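Student: Please take a close look at one part of this structure: the largest cavity and what surrounds it. I would like one connected account.

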Amino acid sequence: MTQRGRHRRRKRGRAVRAFLAGTALALTAAATMISASQATVGDDPGALKPLAVSADTAGLRLQESLVPRRTLDRLADAMGRPVGVRAVLDDADRSLRTAADCRTAERASLPVEPAATRAYCWNDVDTEGWRPGAVTTSGDADDDGHWGADRVILSGWTEGGGRGLARVAFINATDPEHLSYTWALLTVPVDGGRDYRGLSSAVAGMVWYQGKLLVTTADGLYVYDMHRVQQTTVESSGVGRVRGGYAAAGYRYALPAVGVYRTVGPGPRPSALSLDRSTAPDSLVAGDRVPAESGRHTRLWRWAFSSDPERAGLLATDSAGRALADEAFESKADGVRGVLSYGAHWYLDRATGSAADHGTLWRQDAKDARAAECGSDETRHCWSGGAGSLSYWEETGEVWSQSGRTLFALPLSAIDRSIG
């Protein structure tokens, strides 16, 4: 796909932002009141602490390993010519429920302050036994907010038991009143491209940049090519080569990994991910997973994307294929499930892990940390409790996230106003 210039459709983006500012959904009233038992949030994490960046700093180096082209071509020869995002969207046969059709308990999981301006709910039958994970959008993929003529949202999910498979919902978000979607299974080629296995690891973070989808798991940062979506040839619960062809656990599409980044040496590993378009070049930011009340601090990193057209969507690396972080910070916040960086600020989603309880969205920088207050006791538990991923759609000014079976968005400007 030809990438567009940064300034195209800016007028449309301003119009969308103005529309959102004047038409916020009346969702705050549907959220449950914050109880006094949620009044404490732990110590204020304070200012971010910059960390020295060097080739010897633990957790800052990622080794790139790309799948050979012949492996991918062999798989395509066996399964058929790969399809693109447009073909997957044309096959969308499921719909998300709009805010008006979300149940009271689902709306209660939304942020209290600031309120969501968009909300959609997944169907129980389609998500039972699966855990929601990361969210990314065509606002990450291309700076005009579109992929071709479409607005697209990708939502990652992990199977709760059994094989622990990972899948992605391709959501057609062009019509905000009707979001339709279908699933694709995340896979890894094996046997030189003669077969593939499921990506059996929890999806923690996800960024779609240019033609690549980057996904963090416990095993590494996997890379998928959005131009290499494979259509399955057999409807079967199996994964990979089965009798009569290729299957993907009953789904019609499979995404084979085209590469992986793994941390060099011991130390923390990237978990939460997001894209920062406020830097030059655009950058990938990440945070590691630190359990709440562990006494450990959260590491934050920033890597630059490659400016080489032949490496579109991949990280900038040295001659040995290693990506070294450009920046690193330490935050005293723990239990962080989502990170976002834009301008001088970092936004850290300190989730509770349960959509029934509300978490805290901290805004940190080199000076201090702040969070919105809400409720009669001025608690800082104002964010969605089950949220994790944060994705900023620059063209519309919206931040997207997901809490349990509820997908939602709200303007970044509203978040900043609520924090003050």
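**The largest cavity and a neighbouring arginine**

Tutor: The residues that line the largest cavity are Glu113, Pro114, Leu361, Ala371, Ala372, Arg380, Cys382, Trp383, Ile415, Ser418 and Ile419. This is a predicted model, and a search of the whole of it gives three cavities of 30 Å³ or more. The largest holds about 60 Å³ of space. By residue class, its lining consists of eight nonpolar residues, one polar residue and two charged ones. Helix H7, which runs over residues 412-419, contributes the most to this lining, with three residues.

One residue to follow from here is Arg363, which has Ile419 of the cavity lining among its contacts. Arg363 belongs to strand E25, residues 360-364. Is Arg363 buried or exposed? Its relative accessible area is 10%, and because the limit for buried is under 20%, Arg363 counts as buried.

The side chain of Arg363 has polar partners. With the side chain of Asp416 it makes a polar contact of 3.1 Å. The Arg363 side chain also reaches a backbone atom, the oxygen of Gly420, at 2.8 Å. Asp416 lies within the span of helix H7, residues 412-419.

With neighbours within four places in sequence left aside, the contacts of Arg363 include His345, Trp346 and Tyr347. Asp368, Ala369 and Arg370 are also in contact with Arg363. The list is completed by Asp416, Ile419 and Gly420; of these, Asp416 provides the side-chain polar contact and Gly420 the backbone oxygen.

Key:
Residues numbered from 1 in each chain as written. Predicted model: local features only at pLDDT ≥ 70, side-chain atom pairs only at ≥ 80, totals over all residues. Heavy atoms only, no water. 1 Å grid on protein atoms, 1.4 Å probe; cavity = no way out; pocket = protein on both sides within 12 Å on 5 of 7 lines; lining within 4 Å. Points joined across faces, edges and corners; volume = space filled by probe spheres on them. Helix = DSSP H or I, 4+ residues; strand = E, 2+ residues; numbered from the N terminus. Nonpolar A, V, L, I, M, F, W, Y, C, P; charged D, E, K, R; others polar. Buried < 20%, exposed > 50% of the residue type's maximum accessible area, 1.4 Å probe, protein only. Polar contact = N/O pair within 3.5 Å; in protein donor to acceptor, adjacent residues only side chain to side chain. Contact = heavy atoms within 4.5 Å.
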